[in-house]
Amino acid sequence: MPALSQRITTLNGDGSDGWDLFYRARAMIESGVPVTELTIGEHDIRTDPSILRAMHDSAMAGHTGYAIVPGIGALRDEVAARIEARTGVRTGRENVLITPGGQAGLFAAHMAACAPGDVALYIDPYYATYPGVLRAVGAQPRAVPTRSSRGFLPDRAALEAACDGAASLLINTPNNPTGAVYPRATLQDIADVLTERDMWLISDEVYDSQVWEGKHLSPRALPGMDARTLVIGSMSKSHAMTGSRIGWIVGPEEAIACLIDLATNTTYGVPGYIQDAALFGLRAGAGLEAQVAEPFRRRRAIAERVLAAQQAVRMIPAQGAMYVMLDVRATGLSGEDFAFALLDAHHIAVMPGESFGQSAAGHVRVAMTLEDSRFEAALRSLCDFAAGLAKAA
Ligand code: PMP
């Protein structure tokens with residue numbers, strides 16, 4: 001076999017990617033051991049049947065051929081109206097590209113923002129694919145650290161210290177894995193630094209329908225930021241459509257025009273029947289999104305109640321998204337050692353914080369993707385286990 005390109009062989013960086021625990025849990029399940037799975041951000045409900053009917057009707061009506069690459073006009077208009085309503089910034093279909101999911105949007109947005117060799121910033125802790133996306137476009141990933149004690153919000157000094165030579169910053173609010181929802185002051189600091197340095201902001205807002213406290217604010221809404229912000233949206237989380245692969249990028253018209261050229265030469269668009277289903281889902285209104293988010297809202301309240309009744313584990317305040325981040329440093333273990341010990345002792349699988357970067361060392365991320373009573377029981381076991389370890393520590 002000829003040599004593979006360095007770009008592809010180094011996609012995951014060097015060292016462990018921190019997903020060993022996840023694979024161990026999967027192997028246990030395959031060998032017949034029941035494992036309580038709290039690792040992955042996948043709903044425990046499926047896509048609403050009304051959306052599937054729209055998908056079926058569209059396919060049966062013949063929308064199975066090539067769809068127009070930027071996305072069908074009605075869907076681009078619907079996304080534009082949604083973003084305009086949320087940001088107050090004029091947004092038309094020329095500002096919208098429909099993509100096969102948020103992940104494809106993240107890649108395309110960085111292709112637009114970064115030349116090969118440019119530094120691309122991202123916030124630590126981060127969603128697992130971020131450094132790989134940045135390497136895939138030929139950029140040099142550089143993490144901006146945050147602190148657990150500050151709710152993992154980026155601060156201006158850390159951002160300024162990382163900015164030299166950087167073309168872009170990638171943020172995610174509401175945040176996976178931390179549950180943080182960035183307040184206006186944090187976003188304004190980011191906007192000021194990026195404007196001063198003439199950098200792009202890539203704003204991953206795929207959890208914008210899952211906010212438990214406060215309000216989601218898109219940085220596109222801040223004065224002048226629409227000219228340097230590429231917003232990544234998706235129906236994976238808001239409409240439980242993870243498998244349908246549908247999302248969007250919203251940004252300046254010139255950037256979207258270039259991204260349409262990229263799509264023509266890469267994805268060649270998104271299937272028409274998926275787009276029709278997405279349009280139906282968006283037009284179904286906020287009620288359907290609230291229904292999809294509701295189980296996580298309930299379980300986040302359960303987590304607050306369970307965690308408040310003990311001392312061994314500290315819950316990072318979670319204002320949004322489908323995860324809670326727990327500080328287990330009182331046990332004396334790393335997040336990874338704690339997660340493996342919990343899996344062995346109680347067959348409960350949670351993600352080590354270290355899988356999401358060094359800022360989350362000594363933490364674990366719990367996905368709230370299990371039926372309420374089992375979720376509560378698993379959290380109680382986790383806390384009792386941590387208390388036993390903390391006493392011994
Ligand atoms: N961003 C974040 C923060 C995520 O958690 C995910 C999926 N878990 C994605 C982007 C990608 O989502 P999708 O491609 O399904 O839209």
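How do β1 and strand β11 pair, in the parallel or the antiparallel sense, and over how many bridges? They run parallel, and three bridges link β1 to β11 (residues 348-352). One of the residue pairs to look for is leucine 38 with its bridge partner in β11, valine 350. Keep in mind as you click through that this is a predicted model.

**The five-stranded sheet**

β1 and β11 belong to an open sheet of five strands, ordered β1-β11-β12-β10-β9, and its pairing is mixed. Its edge strands are β1 (36-38) and β9 (314-315), each of which pairs on one side only.

Two helices are worth picking out here. Helix α2, made of residues 20-30, lies across β1 and β11 and runs at about 160 degrees to β11. Helix α12 (residues 335-346) packs on the sheet as well, where it touches β11 and β12 (363-367). The direction of α12 makes about 170 degrees with that of β11.

**The seven-stranded sheet**

Now for the other sheet. Seven strands make up this open sheet, and going across it you meet them in the order β2-β8-β7-β6-β5-β3-β4, again with mixed pairing. Why is one side of β2 and of β4 left without a neighbour in the sheet? Both β2 (96-99) and β4 (140-145) stand at the edges with a single partner strand each, so one side of each has no neighbour there. From one strand to the next, the twist averages 20 degrees.

Within this sheet, strand β7 (residues 229-234) and strand β8 (residues 247-250) run antiparallel and are joined by four bridges. For a concrete pair, take valine 231, whose bridge partner in β8 is valine 250. Helix α9, spanning residues 253-265, packs on the sheet and touches β2, β6 (200-204), β7 and β8. The direction of α9 makes about 25 degrees with that of β2.

**Around the ligand**

Which residues are closest to the ligand? They are Gly102, Asp204, Ser234, Ser236 and Arg245, out of 14 residues that surround the ligand. By type, that shell divides into four nonpolar, seven polar and three charged residues. Here are three of the polar contacts, side by side:

| Residue | Protein atom | Ligand atom | Distance |
|---|---|---|---|
| Glycine 102 | polar backbone atom | oxygen | 2.7 Å |
| Aspartate 204 | side-chain N or O | nitrogen | 2.6 Å |
| Serine 236 | polar side-chain atom | oxygen | 2.6 Å |

On its own, the ligand has 400 Å² of accessible area, and the protein covers 93% of that.

**Backbone oddities in the loops**

A few spots in the loops deserve a second look. Most residues other than glycine have a negative phi, and most peptide bonds are trans. Against that background, start with the bond joining aspartate 124 and proline 125: this peptide bond is cis, with omega at about 5 degrees. Proline 125 sits in the loop between β3 (119-124) and α6 (130-136).

Another cis peptide bond runs from threonine 173 to proline 174, and its omega is near -10 degrees. You'll find proline 174 in the loop between β5 (166-172) and α8 (184-197).

Finally, which sign does phi take at phenylalanine 152, positive or negative? Phenylalanine 152 has a positive phi, about 60 degrees, although it is not a glycine. This phenylalanine 152 lies in the loop between β4 and α7 (156-162).

Conventions:
Residues are numbered from 1 along each chain as its sequence is written. This is a predicted model: local features need pLDDT of at least 70, side-chain atom pairs count only at pLDDT 80 or more; totals for chains, interfaces and linings use all residues. Side-chain values use heavy atoms; hydrogens and water are left out. A residue is near a molecule or strand if one of its heavy atoms lies within 4 Å of it. A polar contact is a pair of N or O atoms within 3.5 Å; within protein, one must be able to donate a hydrogen and the other to accept it, and residues adjacent in sequence count only if both atoms are side-chain atoms. Accessible areas come from the Shrake-Rupley method with a 1.4 Å probe; for residues, only the protein chains shown count as cover. Ala, Val, Leu, Ile, Met, Phe, Trp, Tyr, Cys and Pro count as nonpolar, Asp, Glu, Lys and Arg as charged, and the others, Gly among them, as polar. Two strands pair if DSSP finds at least two bridges between them. Axes are lines fitted to C-alpha atoms, for helices over the stretch in contact, and angles run from 0 to 180 degrees between N-to-C directions. Contact means heavy atoms within 4.5 Å.
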